[in-house]
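Here is a short briefing to read alongside the model. Please keep the viewer open and follow the residues as they come up.

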Amino acid sequence: MADDHRVRLEAGWKEALHEEFAKPYMRALGDFLRAEKAAGKLIYPPGALIFNALNSTPLAQTKVVILGQDPYHGPGQAHGLCFSVQPGVAIPPSLQNIFKELKRDLNIDPPGHGCLQHWAEQGVLLLNTTLTVEAGQAGSHAKAGWQTFTDQVIQAVNRHQPNLVFMLWGAHAQSKQPLIDRTRHLVLCSPHPSPLSAHRGFIGNGHFSHCNRFLAQHDIEPIDWRLPAVGQGASAAE
């Protein structure tokens, strides 16, 4: 990851972020990941999907930003989109609560899978603030340098796109508020959808309907939060 020429990145994001790849922290991050793999450690998500959030949601098409923390660390779960898992993988508890709020807020039935690729393809940037994790070790790469990079992602979309909706669930996501211009964007905050906190205010937050009202008020196509059945458009990235 020494330079951006070796990283497959959507053109708009590549233009906005290319200087980051030459900075010492990103060189150090690349060295760290190579050393971890050389030591036989299993890293999630697979290398081709590390930047899946950016490649699935071009900068110029971003309407909504949902922030997660680090990728799922179980086998076959992470594919580079926060809260999302590949089709056929059991739906994690936080995502089950997201689906419960969708049902309560917009009467959308759970889809029977946990792949959120359809949201990403409509302009929902599903960004984890740390983009890799060691298998079975939650938070293991939290201090490897990713958060410096993803702060730049947040600043880039804040700067480039008008009338965004930021959904900040939990204290970690809400810590990114200083990077966001509230005079230009809508910031929605609530507790995290984790089972530990969802019933302290995530369930009932109305974020999905609030988001779509804001987008419509600014002549932006709202998000269709319904997820197609697997095989009918829920195309998880390969």
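Gln61 sits in the loop that links helix H3 (52-56) to E2. Its relative accessible area is 47%, so Gln61 counts as partly exposed. Please bear in mind throughout that this is a predicted model.

**Gln61 and Lys100**

- Beyond its neighbours within four places in sequence, Gln61 is in contact with Gln122, Gly123 and Gln161.
- Gln61 and Ala35 are 26 residues apart along the chain, and 35 Å separates their C-alpha atoms.
- Lys100 belongs to helix H4.
- With a relative accessible area of 46%, Lys100 is partly exposed.
- For a long span to trace in the viewer, try Lys100 and Ala28: they are 72 residues apart in sequence, and their C-alpha atoms are 41 Å apart in space.

**Asp70 and its surroundings**

- The unreviewed UniProt entry lists Asp70 under "active site".
- You will find Asp70 in the loop between strand E2 (64-68) and helix H4 (93-106).
- Is Asp70 buried or exposed, or does it fall in between? Its relative accessibility is 21%, and buried means under 20%, so Asp70 counts as partly exposed.
- Setting aside neighbours within four places in sequence, the residues in contact with Asp70 are Asn128, Thr130, Val133, Ala138, Gly139 and Ser140.

**The annotated domain**

- UniProt, again in an unreviewed entry, places the feature "domain: Uracil-DNA glycosylase-like" at residues 55-215.
- That span, residues 55-215, is 30% helix and 14% strand.
- The C-alpha atoms at the two ends of residues 55-215 lie 22 Å apart.

**Helix H8**

- Which residues of helix H8 (residues 207-217) are buried? They are His207, Phe208, Ser209, Cys211, Asn212, Phe214 and Leu215.
- An α-helix has 3.6 residues a turn, so residues three or four places apart point the same way.
- The cover over the buried residues of H8 includes E2 and H4, and also helix H5 (117-120), strand E5 (165-169) and strand E6 (186-190).
- Just after H8, Asp219 has a positive phi of about 55°.

**The chain as a whole**

- How many helices and strands does the chain have? Its secondary structure comes to eight helices and six strands.
- Read from the N terminus, the order of elements is α-α-β-α-β-α-α-β-β-α-β-α-β-α.
- The radius of gyration is 17 Å, which agrees with the value near 18 Å that a compact globule of 238 residues would have.
- Along the principal axes, the C-alpha atoms fill a box of roughly 50 × 40 × 35 Å.
- Of the 238 residues in the chain, 54% are buried.
- Taking contacts between residues at least 6 apart in sequence, 68% join residues at least 24 apart.

**Surface and charge**

- The chain exposes about 10,500 Å², and carbon and sulfur atoms supply 52% of that area.
- There are 20 positive and 20 negative charges in the chain, and the mean positions of the two sets are 4 Å apart.

Note on methods
Residues numbered from 1 in each chain as written. Predicted model: local features only at pLDDT ≥ 70, side-chain atom pairs only at ≥ 80, totals over all residues. Heavy atoms only, no water. Helix = DSSP H or I, 4+ residues; strand = E, 2+ residues; numbered from the N terminus. Rg over C-alpha atoms; globule rule 2.2 N^0.38 Å. Buried < 20%, exposed > 50% of the residue type's maximum accessible area, 1.4 Å probe, protein only. Contact = heavy atoms within 4.5 Å. Areas by Shrake-Rupley, 256 points an atom, 1.4 Å probe, with all protein chains shown as cover. Lys, Arg positive; Asp, Glu negative; His and termini not counted. Charge placed at Lys NZ, Arg CZ, Asp CG, Glu CD. UniProt positions renumbered as here; feature names shortened; annotations may be inferred.
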